[in-house]
Amino acid sequence: MSDFFKSSSSSSSPSDMAAKKEAVMNGVRSEIALASAQELINKTNEKCFAKCITKPGTSLSGSEETCLSRCLERYLETFNMISKTYSARLSREREQRQLNQI
Amino acid sequence: MDNFKFDEATQKELTTFLEREQAQARINSTVHNLTSMCWDKCVTGTPGSRFARGEESCLLNCVDRFMDTSLFIIKTIEGQRSQQS
């Protein structure tokens, strides 16, 4: 991350600076997106292992794999559902606060 | 060592950008936690190709009831404190 703040030239033109700014922003965006994706993968792994692999055998069985792939779909669906209801709740509360201030 | 400096306007813009991204990241992390919590509470059966009806409505209500719970707890504690003083 600290690489974004360094430069090979000490003098910089405005366009150089704009490009560097974009690089910093894109770097931050992609790191945040990566962290979120990793979190989702870890959580899915944990939850679906708990649900589908009740008694670990020498390999994953066909029915366990079916369970895992359905579980993955359902967990992602849940994430999207929760994300939608949570942001709906947040914007409702924001509106309410603005109304109370008037 | 060479050091690159952003001008003041750009620094300000980046600060605003970072604050906004951080706020969004906090919301996102709450969504991860809520998803985990509501999954444990609502999805009780073996995962199928779709949610059971009860599971779906449980998930849809889960966030709002959690937030209501949080407000209720705060209100109750505040009420107790004002009675004591």
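I began with Val63(B) and looked up its contacts, where two residues count as touching if their C-beta atoms, placed from the backbone, lie within 7 Å. Leaving out residues up to four places away in sequence, I found that Val63(B) touches Ile82(A), Thr85(A), Tyr86(A) and Arg89(A), and also Leu34(B) and Cys38(B).

I noted that this is a predicted model, in which local features need pLDDT of at least 70 and side-chain atom pairs count only at pLDDT 80 or more, while totals for chains, interfaces and linings use all residues. Residues are numbered from 1 along each chain as its sequence is written, and chains are lettered from A in the order in which they are written.

Next I looked up the largest nonpolar core, a set of buried Ala, Val, Leu, Ile, Met, Phe, Trp, Tyr and Cys residues joined through C-beta atoms within 7 Å, where buried means that 20 or more other C-beta atoms lie within 10 Å of the residue's own. Of its 16 residues, Ile82(A), Leu34(B), Cys38(B) and Val63(B) touch the most other members. Two or more residues come from each of α1 and α2 of chain A, and of α1 (8-42) and α2 (53-84) of chain B, with α2(A) giving the most, six residues.

I then turned to chain A, whose secondary structure comes to two helices and zero strands, taken as DSSP runs (helices H or I, at least four residues; strands E, at least two). Of its 102 residues, 14% are buried.

Last, I looked up the contact between the chains, which takes 31 residues from chain A and 30 residues from chain B. On the side of chain A that touches chain B, the largest share, 13 residues, comes from α2(A).

Definitions and conventions. Buried ≥ 20, exposed ≤ 12 C-beta atoms within 10 Å, placed from the backbone.
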